[in-house]
Amino acid sequence: MAKRLIPSFNRILVEKIIPPSKTNSGILLPEKTSKLNSGKVVAVGPGARNRDGKHIPVSLKEGDTVLLPEYGGTEVKLGEKEYHLYRDDDVLGTLHD
């Protein structure tokens, strides 16, 4: 369903990653331990234009895991899932394993 929405300009569509509430062995984790605000990029817009009309591409690509700001973005509900739209400039960084 998310593939139908292509963000405009320099926006990205992100599905937030929900941290697990318990470990593989069944131990419940407190909510405060895993408060990392991250998400996976689902779709990327074509980019923006500067004042001279030159194309500025988006620096992220689909599948990237990104660190998101605590506030901001626009919530979008597609089917049963919730996504968020952010500008490329709003993303704080990418996360790598």
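This report walks through a predicted model of a single chain, from its overall fold down to a few residues worth a look.

**The overall fold**

Let's start with the big picture. The chain has 97 residues, and buried ones make up 29% of them. You'll find 0 helices and 8 strands here, so reading along the sequence gives the pattern β-β-β-β-β-β-β-β. Of the contacts with a sequence separation of 6 or more, 62% are between residues 24 or more positions apart. As for the outside, the accessible surface of the chain is about 7,400 Å², and carbon and sulfur atoms account for 52% of that.

**The sheet**

Now for how strands come together. An open sheet is built from 6 strands in the order E6-E7-E1-E2-E5-E8, with antiparallel pairing. Which strands stand at the edges? Those are E6 and E8 (93–95); each has a single partner strand, so one side of each is left without a neighbour in the sheet. On average, neighbouring strands of this sheet are turned by 45° against each other, if you ignore direction. In general, the strands of a sheet pair through backbone hydrogen bonds, either parallel or antiparallel.

Take a closer look at E7, which follows E6 in the sheet order. E6 (residues 74–78) and E7 pair in the antiparallel sense, over 5 bridges. Along this pairing, Val76 stands opposite Tyr83 in E7. The two strands make a hairpin with 2 residues between them, and Gly79 in that turn has a positive phi of about 70°. E7 also pairs with E1, again in the antiparallel sense, this time over 4 bridges. There, Leu13 has Leu85 in E7 as its bridge partner.

His84 is another residue of E7. Is His84 buried or exposed? It counts as buried, at 12% relative accessibility. Leaving aside neighbours within four places in sequence, His84 is in contact with Ile12, Leu13, Val14, Lys16, Thr74 and Glu75.

**The nonpolar cores**

Nonpolar side chains tend to be buried together in soluble globular proteins. What does that look like here? The largest nonpolar core has 10 residues: Ile12, Val14, Val41, Val44, Val58, Leu60, Val66, Leu68, Tyr86 and Val91. Strands E1 and E2 (38–44) each supply at least two residues of this core. Apart from it lies another core of 7 residues, including Val42, Val76, Leu78 and Tyr83.

Val91 is a good member of the 10-residue core to zoom in on. Where does Val91 sit? Its place is in the loop between E7 and E8. Val91 is buried, with a relative accessible area of 13%. Setting aside neighbours within four places in sequence, Val91 is in contact with Ile12, Leu60, Val66, Leu67 and Leu68. Of those contacts, take Leu68: Val91 and Leu68 are 23 residues apart in sequence, and their C-alpha atoms are 5.3 Å apart in space.

**The salt bridges**

How many salt bridges does the structure hold? There are 2. Here they are, each with its N to O distance.

| Salt bridge | N to O distance |
|---|---|
| Lys81 and Glu15 | 3.6 Å |
| Lys61 and Asp64 | 3.2 Å |

In the bridge of Lys81 and Glu15, the side chains of the two residues meet. Lys81 lies in strand E7 (residues 81–87) and Glu15 in strand E1 (residues 11–16), so the pair ties together parts that are 66 residues apart in sequence. Lys81 is partly exposed, with a relative accessible area of 42%, and Glu15 is partly exposed too, at 26%.

The bridge of Lys61 and Asp64 joins an exposed residue to a buried one. Lys61 counts as exposed at 55% relative accessibility, whereas Asp64 is buried, with a relative accessible area of 15%.

**One odd backbone angle**

Last stop: Phe9, in the segment before E1. What is the phi of Phe9? The value is near 50°, which is positive in a residue other than glycine. Phe9 counts as exposed, with 55% relative accessibility.

Conventions:
Residues numbered from 1 in each chain as written. Predicted model: local features only at pLDDT ≥ 70, side-chain atom pairs only at ≥ 80, totals over all residues. Heavy atoms only, no water. Salt bridge = Lys/Arg side-chain N within 4 Å of Asp/Glu carboxyl O. Buried < 20%, exposed > 50% of the residue type's maximum accessible area, 1.4 Å probe, protein only. Core = buried A, V, L, I, M, F, W, Y, C linked by side-chain atoms within 4.5 Å. Contact = heavy atoms within 4.5 Å. Pairing = 2+ DSSP bridges. Axes fitted to C-alpha atoms, helices over the stretch in contact; angles between N-to-C directions. Areas by Shrake-Rupley, 256 points an atom, 1.4 Å probe, with all protein chains shown as cover.
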